[in-house]
Amino acid sequence: MSRQTTGAGAVPSGPDEVTLVARAQDGDLVAFEQLVDRYESRLLGLCIRMLRHRADAEDIVQDTFLTAWRRLDTLDEPSAFKAWVFRLASNGCLDLLRRRRSRGTEAVDPADMVEESAAGPSVEERAETSAAVRELDRVLVTLSPEQRIAWLLHEIEGQSYAEIAEVLGVTEGSVRGRIHRARLAIVEGMKGWA
């Protein structure tokens, strides 16, 4: 299956999302593949940042889409697909982090945290960016998983407090509090970087 992904800010082409979800609910695999195309890279980026391990993130994204396909008929509002699929992925990440914590393990693959660019920034720029990303990753891992997912959904995915509340199944006030505490910790942790 050949896939093209759209970036977080790109406007997807083709049928609107509600139409695709309705078709997929009727068993149209091509429509579901188009939904996967729209969200796969965004979910993978979120999961990599949460889990700090690409293989685990890929597994969560694959499980998310398998679950979505199997349970698509339970989605009452096709317009809620985005929040639903992000909730599935977020819950998968949080569950894996809880299992790691109970086993006392933390998977880390720093190479997974730096996205390579085909455009040619200088070696110095790449090294500085890589160091900043590693430092941010070091700070992010000190956040609770709940704060980290809320911050990533807001700052990286650009989701509103209301959207995050829907994804996480909490109140908007709780989301605001988590993001506020995360920002304070990040500012404190990144003081050496100007």
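Buried means under 20% relative accessible area, exposed means over 50%, and partly exposed lies in between (1.4 Å probe, protein chains only). The model you are looking at is predicted, so local features need pLDDT of at least 70 and side-chain atom pairs count only at pLDDT 80 or more, while totals for chains, interfaces and linings use all residues. Residues are numbered from 1 along each chain as its sequence is written, and side-chain values use heavy atoms, with hydrogens and water left out.

**Exercise 1. Decide whether G177 is buried or exposed, and place it in the fold.**

Step 1: G177 sits in helix α8, residues 172-189; helices are DSSP runs of H or I with at least four residues, strands are runs of E with at least two, and both are numbered from the N terminus.
Step 2: G177 has a relative accessibility of 16%, so it counts as buried.
Step 3: From C-alpha to C-alpha, G177 lies 8.6 Å from Q147, although 30 residues separate the two in sequence.

**Exercise 2. Work out how α4 and α6 are oriented towards each other.**

Step 1: Helix α4 (residues 81-103) packs against helix α6 (residues 145-156) at about 150°, and their axes are 11 Å apart. Axes are lines fitted to C-alpha atoms, for helices over the stretch in contact, and angles run from 0 to 180 degrees between N-to-C directions.
Step 2: The angle therefore makes α4 roughly antiparallel to α6 (under 35 degrees is roughly parallel, over 145 roughly antiparallel, 65 to 115 roughly perpendicular, the rest oblique).
Step 3: On the α4 side, the meeting residues are F86, S90, L94, L97, R98 and R101; on the α6 side they are P145, E146, R148, I149 and L153.

**Exercise 3. Find out what surrounds S90 of α4.**

Step 1: S90 is buried, its relative accessible area being 0%.
Step 2: Beyond its neighbours within four places in sequence, S90 is in contact with L46, I149, L153, V167 and L168; contact means heavy atoms within 4.5 Å.

**Exercise 4. Explain why C47 and C93 form no disulfide.**

Step 1: A disulfide is a covalent bond between the sulfur atoms of two cysteines. The cut-off here is a pair of cysteine sulfur atoms within 2.5 Å.
Step 2: Searching the whole structure gives 0 disulfides. C47 is in none, and its nearest cysteine sulfur, that of C93, is 3.4 Å away.
Step 3: That 3.4 Å between the sulfur of C93 and that of C47 is too far for a bond.
Step 4: C47 is buried at 0% relative accessible area, and C93 is buried at 0%.
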